[in-house]
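Trainee: Could you take me closely through the salt bridges of this model, and set them in the context of the chain as a whole?

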Amino acid sequence: MSVHDELSSVQRCLDDLTRSVGRLEQQLGSGGLDMRRVRTDTEHLRESIGILRAAAASPATTKRPELVTIPDTPYDDSLWIDTDDEGLGARDRRAP
């Protein structure tokens, strides 16, 4: 199955879940903390599926960043001339 087909299948299942939660809410009442939590979780799932649909519609925006290779060779010591050691101060002075 393609991603679009899978998302459509998930959307149908989510619609069924929403209807079932609505029926439960009618039978149990919507005042309880547990029922509000289930309803809120269902709404969050609906939002998440919407975000997935938007991401699947534009795959070019989800491009992985290019990796940069860092060499294992030591840096040139001349890069560190006239620098302070962090926490120790300058080389020719004592730390406070």
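Mentor: What follows begins with the chain as a whole and then turns to the salt bridges, one pair at a time.

This is a predicted model, in which local features need pLDDT of at least 70 and side-chain atom pairs count only at pLDDT 80 or more, while totals for chains, interfaces and linings use all residues. Residues are numbered from 1 along each chain as its sequence is written, and side-chain values use heavy atoms, with hydrogens and water left out.

The protein chain has two helices and zero strands, where helices (H or I, at least four residues) and strands (E, at least two) are DSSP runs numbered from the N terminus. Of the 96 residues in the protein chain, 10% are buried; buried means under 20% relative accessible area, exposed means over 50%, and partly exposed lies in between, with a 1.4 Å probe and protein chains only. The accessible surface comes to about 8800 Å², and 56% of that surface belongs to carbon and sulfur atoms, areas being taken from the Shrake-Rupley method with a 1.4 Å probe, and for residues only the protein chains shown count as cover. Among the contacts in the protein chain with a separation of 6 or more, 54% are between residues 24 or more positions apart, a contact being heavy atoms within 4.5 Å.

The count of salt bridges comes to three, each being a side-chain nitrogen of Lys or Arg within 4 Å of a carboxyl oxygen of Asp or Glu.

One of them joins Arg 46 to Asp 15, with the closest N and O atoms 3.3 Å apart. Arg 46 lies in helix H2 (residues 33–57) and Asp 15 in helix H1 (residues 3–28), so this pair ties together parts that are 31 residues apart in sequence. Arg 46 is partly exposed at 34% relative accessibility, and Asp 15 is also partly exposed, at 25%.

Another salt bridge pairs the side chains of Arg 39 and Glu 25, at 2.7 Å from N to O. Here too the pair links distant parts of the chain, since Arg 39 is in helix H2 and Glu 25 in helix H1, 14 residues apart. Arg 39 counts as partly exposed at 25% relative accessibility, whereas Glu 25 counts as buried at 18%. The side chains of Glu 25 and Arg 39 are also joined by a polar contact of 2.7 Å, a term for a pair of N or O atoms within 3.5 Å where, within protein, one must be able to donate a hydrogen and the other to accept it, and where residues adjacent in sequence count only if both atoms are side-chain atoms. With its neighbours within four places in sequence left aside, Glu 25 is in contact with Ser 30, Met 35 and Arg 39.

The salt bridge between the side chains of Arg 19 and Asp 16 has an N to O distance of 2.3 Å. Both residues belong to helix H1, and because Arg 19 and Asp 16 are three residues apart there, about one helical turn separates them. Arg 19 is partly exposed, with a relative accessible area of 46%, and Asp 16 is partly exposed as well, with 41%.
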